[in-house]
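This briefing sets out selected features of one protein chain for readers working at the bench. Please consult the sequence and the structure below alongside the points that follow.

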Amino acid sequence: MTLADAAPAPRGAALMASRRRRGEARSYDFRRPTKLSRDHVRVLQNLLESFARQTATNLTQVLRTEVKVELGGIDQFAYDDYVAHLDNPSFMSVISFEPLRGRGLLTWSMDVAMAMIDLLLGGSGSAAQPQRPMTGMETRLAKYPVERVLYELGVALRPVVRLDLGLEGFEYQPQLAQLAVSSETVVVSSFSLTLGERETEATLMLPFAPFAPALHGATSPQLSAQALRERQQATDALSERLGAVPVEVNARFRPIRVPSADLLGLAVGDVLLLRHPRDSPLEVTTNDVVFAHAVASNHRRRLAAEIVATPPSSTSTARDHQ
């Protein structure tokens, strides 16, 4: 029997499982109306499934052992209900979301957290682990895998909102993690975290109010403010790059029509009449499109073309061709 088999199921896991059962009656508190819509859940599910896959790959590389992370469910809770169903002690990482206000929690069992420390120190991670707060050295070691997880979370949320995620510290007793008022609505995502032979439930708690505008924008048929800013930035960057693209420009006389027989019979010394009026400027073209007019000139002993105003006759002619 493995340690995962011997360990009792976390209370948080039982709560999340009960919320996910279909066809069963659920209590509804009219003082705390549902704010997390199905569209919000769908957006978060797509983002967090990608987060789970990338986190599993990242932690596998860091800890040098197989790590599996799978998204379980996404639901809405009052903050005090969420905290009340966390195990005591739990390994809780307090995270900030600059520039958004509020703080969140990333939690998993102390057993798995200590096993990560064992693996980082070169151990097998399979021995029984203590259920106690970490020492100063253990805390510094624990920051490394947690920061890798937060990096993947920031990347996963980027299509909806760009954040600078920071690790503010660790807590071990849920009742001491006073990150929000008791009635504040939070979004809780549960994950199945498997580390070698150990399996536990990890949770990610996000405050709903700061993330609500981004979620509304992601589910709205209109572009969100973040998407509009990114589109404008892309347009500005494209315009800047296009302004540096070299193009071939020609200053030419007016074209003439020549019978094909005369063209095939041209020989050295023959003369073609250009029929270009002496007082008419040259056409400045690129890709056979006339965009300006110029007169022949010189600049520092080099031939040049000085841009002049477009003759009225040329303007009307160009309009007629269009």
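**Briefing on the predicted model**

A225 lies in helix α8, which covers residues 225–242. The model discussed here is predicted. The points below concern confidence, one sheet, and three individual residues.

**Confidence of the prediction**

- The mean pLDDT over the chain is 84, and 85% of the residues reach a score of at least 70.
- Residues 1–22 have a pLDDT below 50, and this stretch makes 36 contacts in the model beyond near neighbours in sequence.
- Residues 315–322 likewise have a pLDDT below 50, with 1 contact in the model beyond near neighbours in sequence.
- Where pLDDT is low, the predicted coordinates should not be read in detail.

**The sheet formed by β7 to β10**

- An open sheet is built from 4 strands, arranged in the order β7-β8-β9-β10 with antiparallel pairing.
- Strands β7 (250–252) and β10 (302–308) occupy the edges; each has a single partner strand, so one side of each lacks a neighbour in the sheet.
- On average, neighbouring strands of this sheet are turned by 45 degrees against each other, direction ignored.
- Strands of a sheet pair through backbone hydrogen bonds, in either a parallel or an antiparallel manner.
- Strand β9 (residues 289–299) runs antiparallel to β10, and 7 bridges join the two.
- A296 has A305, in β10, as its bridge partner.

**E283 in strand β8**

- E283 belongs to strand β8, which spans residues 282–286.
- The relative accessibility of E283 is 15%, and E283 therefore counts as buried, the cut-off for this class being under 20%.
- Neighbours within four places in sequence aside, E283 contacts N250, A251, R252, F253, R254, P255, V290, A292 and H293.

**V83 in helix α4**

- V83 is part of helix α4, made up of residues 79–84.
- With a relative accessible area of 9%, V83 is buried.
- P174 and Q175 are in contact with V83 when its neighbours within four places in sequence are left aside.
- V83 and Q173 are separated by 90 residues in sequence, while their C-alpha atoms are 9.5 Å apart in space.

**A225 in helix α8**

- Is A225 in helix α8 buried or partly exposed? At a relative accessibility of 47%, A225 counts as partly exposed.
- Between the C-alpha atoms of A225 and A214 there is a distance of 8.2 Å, and the two residues are 11 residues apart along the chain.

Technical notes
Residues numbered from 1 in each chain as written. Predicted model: local features only at pLDDT ≥ 70, side-chain atom pairs only at ≥ 80, totals over all residues. Heavy atoms only, no water. Pairing = 2+ DSSP bridges. Axes fitted to C-alpha atoms, helices over the stretch in contact; angles between N-to-C directions. Buried < 20%, exposed > 50% of the residue type's maximum accessible area, 1.4 Å probe, protein only. Contact = heavy atoms within 4.5 Å. pLDDT = per-residue confidence, 0-100.
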